[in-house]
Amino acid sequence: MARIFDGLPVSEGIAFGRIRVVRWGVPKVPHITVPPEEADREVDHFHAALTRARARLSEVRDETEARLGRMEARIFEPQLLMLEDRELIDGTLLYVRENRLSAARAFEWRMLELQALWVRTSNPMVLDRLGDLDDVLIRVLHQLLDLPEPGDLVGDGEPAIVVAKNLTPSLTVLMDPARVMGFATDLGTRTAHWAILARSMEIPAVGGLVDVSTKVSGGEEAILDGRIGRLIVEPGEREREVYEERRVQIQEWEEELEQIVLLDSVTLDGQPVELRANLDLPEEAQRAREHGAEGVGLFRTEFFVVGRNSMPGEEEQYEGYREVVSAFPNRAVCIRTFDLGGDKFPMFLHMPAEENPFLGWRAIRVCLDNHQLFRPQLRAILRATAHGDVRILLPLVNDVEEVVQVRELLNEEEESLRRRGVPFYSGYKLGCLIETPAAALEAAELSRHCDFFSVGTNDLVQYTLAVDRSNTRLAQRYNPFHPAVVRQLHLVSKAGRAAGIEVSVCGEMAANPLGAFLLLGLDIMALSVAWPALPELKKVIRSVRIEDARKAARKALAAPTARDVADVLARGIGSGVDLAAFSGRWSVPRSPDVKEVTP
Amino acid sequence: MEVRKAVIANRLGLHARPAAELVKLAATFTSEIWVAKGDLRVNAKSIMGVLMLAAEQGVELVIEAEGPDGREAADALAALVARGFSER
């Protein structure tokens, strides 16, 4: 009977092999004390071990540079410095001389002490680097205790799926890609150093499997799916066949996606659909274009403020906005004003903890209360209008008055720019995100004050269903196909059409094949998704007929449950779209009502 | 004692690689050098300490140097931080 472990996708691809459990962990260090007269010998032993560890790590770095490149090799710089670190070395020597510990025991103590200091900061950036600390600890202890190199642990030649509690950068890079088919670990996320290396090496990997390393013994056959983050131990005949076939399909799929970037975003029956990208940083504009973006449906601006202790200046913001606007000449670029609050708050706002942050002081509410923060942003965006089709997007709008207040601020800022002779384009657009039921139900009123609507489906679903989407216990209840959501989408689309303004959707729903199909059917012809998901979305668009989508949407509007909505859509989309081929790696919601994307 | 202030300029902040650069530069001076973020003050020549700072973009660091080449050391380190290390 196959056993299935679900974790986090860390490095894409499908792997077959026998499980090999690697325990490149901290070796057990015997508690040995040494008399003072032998301290000198321990000190020499320690220095020699450090020298050997440095030499070996330099080789690892050089090998990495030769095989993967300079950037990847630089991952080992901090570790090399650790091996020369005075605080580490002097601290260890002190324990040898004053506490009469063996070099190995003294080094372990000192490292654990430093590790505890790091953990106490509880800063994610520091915690991510604990793997480097482990790497150094393990490497030096292996030298001190005369244990074998990690490379020897892996291979007897048979293709293996390496299972470990966690991996370290040096262990990962020492694996032979010809023999190591995949990695599966208890811990580990996409941002760990070893994960970055695994992707460079093109070895599929799954992290966050909790305790898989204790649940397997080694030698079992397994399949690893790095796209959805799954490990199947002792798969049955059928799973094996399905995955063999899938591997070939995925290869063809990836090749097709590369081609699709160059093709038009148009349905089978000729309906063009605007495809835009959601961006978090200006630097992503280029990648988005390469993936086929025809504009930016959502440019999040929080990176200017989160984690900073001072207000961002107008000039700095202007540069950032201009960079994105210039990357998309004559194309829509929707800049969302600061969406602060909830889970992201900059230090300088001195925000007290709230009982219900997602129902609290956030987004447009913060900006309208804090002109010192808001006005420079509006000025910077106005100045960027001189370079292209800029649209100002207001988050979490609930009523008309909020839009009117922003309009007044904009008028004042326009006046001041005019007086100073600063160029801007007065034909820019102002619109709001529809992401609360209040806004959706008020869409007709809002449409008189807005030049466009963008539906933020993530929040709309969350606020409509009163389901916190970060709560894993509620994951099954977070369902974008709930009839209440579908009906609001319909309402907003209708209001926009009646007012002659564009309605677009930015949100994960648009990255889901059935979600995109529904939106097209509701006459929403501009979709914006995270840029890596663009090729798959274009594939959906090019595989469906707008008439089928409209028919399915009409049925969906009459469907009594989320399950019925999903069924209607799945039937409507027909065999033209192979739902199983979609990767599901861009956090497309996987609810039980949506056809599973896995075989 | 030479004291300089510098704001982290590169987008990713003082992550592992810039931290390594800072430590390497500090090691070229004979002065004692410290870097502080708020209450946390660490030896600039120790990667163990500097990695703990985990300062993000926009955060102000205080650099202090004591010794014969203290002025040069403080200037050089502050400049390295302010120009965003060798990345941007």
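**Exercise 1. Which strands of chain A does helix α12 (residues 237-260) lie across, and at about what angle does it run to β3(A)?**

Some ground rules before the solution. This is a predicted model, where local features need pLDDT of at least 70, side-chain atom pairs count only at pLDDT 80 or more, and totals for chains, interfaces and linings use all residues. Residues are numbered from 1 along each chain as its sequence is written, with chains lettered from A and ligands numbered from 1 in the order in which they are written.

*Step 1.* Pick out the elements: helices (H or I, at least four residues) and strands (E, at least two) are DSSP runs, numbered from the N terminus.
*Step 2.* Helix α12(A) lies across β3 (14-21), β7 (221-225) and β8 (230-233) of chain A.
*Step 3.* Its angle to β3(A) is about 125°; axes are lines fitted to C-alpha atoms, for helices over the stretch in contact, and angles run from 0 to 180 degrees between N-to-C directions.

**Exercise 2. Work out the order and edges of the eight-strand open sheet in chain A**.

*Step 1.* Walk across the sheet and you get β1-β8-β7-β3-β4-β5-β6-β2, with mixed pairing; two strands pair if DSSP finds at least two bridges between them.
*Step 2.* β1 (3-6) and β2 (8-11) of chain A are the edges, each pairing on one side only.
*Step 3.* Zoom in on β5 (residues 180-185) and β6 (residues 205-207) of chain A: they pair in the parallel sense over two bridges. A:Ala184 has A:Val206 in β6(A) as its bridge partner.

**Exercise 3. Describe how α4 (residues 86-98) and α5 (residues 103-121) of chain A pack**.

*Step 1.* The angle is about 130° and the axes are 8 Å apart.
*Step 2.* That makes α4(A) and α5(A) oblique to each other (under 35 degrees is roughly parallel, over 145 roughly antiparallel, 65 to 115 roughly perpendicular, the rest oblique).
*Step 3.* Now the residues in contact (C-beta atoms, placed from the backbone, within 7 Å): A:Leu88, A:Gly91, A:Thr92, A:Tyr95 and A:Val96 in α4(A) meet residues of α5(A) including A:Phe107, A:Trp109 and A:Arg110.

**Exercise 4. Find the strand order of the four-strand open sheet in chain B, then look at its β1-β4 pair**.

*Step 1.* The order is β1-β4-β2-β3, with antiparallel pairing.
*Step 2.* β1 (2-7) and β3 (40-43) of chain B are the edge strands.
*Step 3.* Six bridges join β1(B) to β4 (residues 60-66) of chain B, and B:Ala6 has B:Leu61 in β4(B) as its bridge partner.

Notes
Two residues are in contact if their C-beta atoms, placed from the backbone, lie within 7 Å.
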